[in-house]
Amino acid sequence: MNKPSFVSKFFLLAVLPATLLVSCRKERQPSLHDGISDLQQISFVQKSHRWYYFTRDSFAQTDLPQKAPQVMEQPWTEAVRISSAASVPLKDSASSPFGAYAVVNRMGILAFNDDSIDIYTDPTIFPAVTADQLVFSGGIPVFYLYRSSFFNESNETRSETQPFLVEFNPQTKIFFPLVSYKNLKLEDDEEIIGYFWDGETWTCSSKRIADRLVEFKYFLWQPLVELTELSPAFSADYYIFKNATEEEYRRLNMPRLFSSAPPELKSLVSSIPSEFTFYVSWRDVSGTSPVNYYQQGTNSTSVNAKGLCDSASGYDVIVFADGTTYLRNNRATDGEQSIFAFRLPLLPAGYTYGEVAITGNTLYVGWEENIFYKTVRSGFIQINISQVINTILQTSQDS
């Protein structure tokens, strides 16, 4: 089990614009509103939704996102915001006390059970590092931690005991480190900047900056025990390592052509006009890393979306950054309408919708106020799916 050794180098100045370019997408989102004009706006549906914003260590309700208290703008990796969200896989839903989770960067984790919301924090884990990329192992939420060298002092190094993977145990309500950077044989100045987990193998990319050079490594590792049985105290004997190439890593993480998307995803957005170019981050029922799909239309700008299958609740959903939403009701019987298209409440300029999760009859969607690569106010919206569907059906009958 040798230390991962595949290294590629790039000049730091060549990397920085690419980093900023990715961050710019958070603000300059094109919209489906102009091209799809006949969707119902649920802001006119009374009592169908509630707005929430993040405080310093919790969340609170507000009338509208723009009425939330002003906060200091920060780079998106350093700001309090929902960085990742997902529903508990169906196979584990019976034993899980919660139906969905959302990782709140720099704060903790939101646990949802239909319209009930709880937040759990740990001051020893969250304030100092970025938390992202939620997955599940046996129904237990697992996420990873890293420290952006771009927005932190270059001479500050990470402790070798810093956790890489952390679980939130829904029974004890306690966070437990599973894997440390030391377990993965990484140096103090190396950070993992991304991964893809297929349920067995973790394909990772790490980065270090030395003498104005950026070095990337790509490697695969697999635990020899169940993921949630791991501990930072375990030696390297509990892991299998293998070098990977940049091509192997990109093949897993880069968007795939929409023609290869699963049928449930294709049918969900089949009514979108073919000229629209869009990018969807899609979660299936496995609880593993989401897969990204890209549809090339005739227009030059791409619209981003988040979507998931949630067999436990009986819904599939896609939410675009502008609030355009497609929802499938898998509970529908023969002859009933099963796919509904509507818009979430219109956000002010500079705000976008983000991560999504469903539990029971409730849809949760993160929102953010963005200025270039920085995040200002942030929170989430809670939507009663049954009320929205009933209103849409009633409106169609009346017309």
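## The second largest pocket

Which strand gives the most to the lining of the second largest pocket? In this predicted model, that part falls to strand 27, which supplies 4 residues. Strand 27 covers residues 374-384, and together with strand 3 (49-54) it makes up the elements that give two or more residues to this lining.

The pocket holds about 300 Å³ of space. Its lining counts 15 residues, and those nearest its centre are Thr55, Val71, Met72, Gln74 and Val80. Sorted by class, the lining has 9 nonpolar, 4 polar and 2 charged residues.

## The largest cavity

Let us turn to the enclosed spaces. The structure has 2 cavities of 30 Å³ or more. The largest has a volume of about 100 Å³, and 16 residues line it, with Ser87, Pro89, Asp284, Val285 and Cys309 nearest its centre. Two or more residues of this lining come from each of strand 6 (82-87) and strand 21 (302-310).

Strand 21 is the top contributor here, with 3 residues. The lining of the largest cavity is made of 8 nonpolar, 5 polar and 3 charged residues.

## The second largest cavity

About 40 Å³ of space lies in the second largest cavity. Among the residues that line it are Ile82, Ala85, Ala102, Phe112, Tyr364 and Phe380. Strand 6 appears again, since it joins strand 25 (351-359) and strand 26 (362-371) as the elements giving two or more residues to this lining.

How do the residues of this lining divide into nonpolar, polar and charged? There are 9 nonpolar residues, 1 polar and 1 charged. Glu355 is also one of the lining residues, as are Val356 and Ala357.

## Strand 7 and its neighbours

Ala102, met above in the lining of the second largest cavity, belongs to a strand worth a look of its own. Strand 7 (residues 100-104) has 5 of its 5 residues buried, so it is largely enclosed by the rest of the structure. Ala100, Ala102 and Val104 point one way from the strand, while Tyr101 and Val103 point the other way; all are buried.

Strand 7 has antiparallel partners in strand 6, through 5 bridges, and in strand 8 (residues 108-113), also over 5 bridges. On the strand 6 pairing, Ser87 has Ala100 of strand 7 as its bridge partner; Ser87 also lies among the residues nearest the centre of the largest cavity. On the strand 8 pairing, Tyr101 is bridged to Ala111. Strands 7 and 8 form a hairpin with 3 residues between them, and Arg106 in the turn has a positive phi of about 65°.

Notes. Residues are numbered from 1 along each chain as its sequence is written. This is a predicted model: local features need pLDDT of at least 70, side-chain atom pairs count only at pLDDT 80 or more; totals for chains, interfaces and linings use all residues. Side-chain values use heavy atoms; hydrogens and water are left out. On a 1 Å grid over the protein atoms alone, a cavity is a set of points where a 1.4 Å probe fits but cannot get out, and a pocket is an open set with protein on both sides within 12 Å along at least five of seven lines; lining residues have an atom within 4 Å of a point. Grid points are joined across faces, edges and corners, and a volume is the space filled by probe spheres set on the points. Ala, Val, Leu, Ile, Met, Phe, Trp, Tyr, Cys and Pro count as nonpolar, Asp, Glu, Lys and Arg as charged, and the others, Gly among them, as polar. Buried means under 20% relative accessible area, exposed over 50%, partly exposed in between (1.4 Å probe, protein chains only). Two strands pair if DSSP finds at least two bridges between them.
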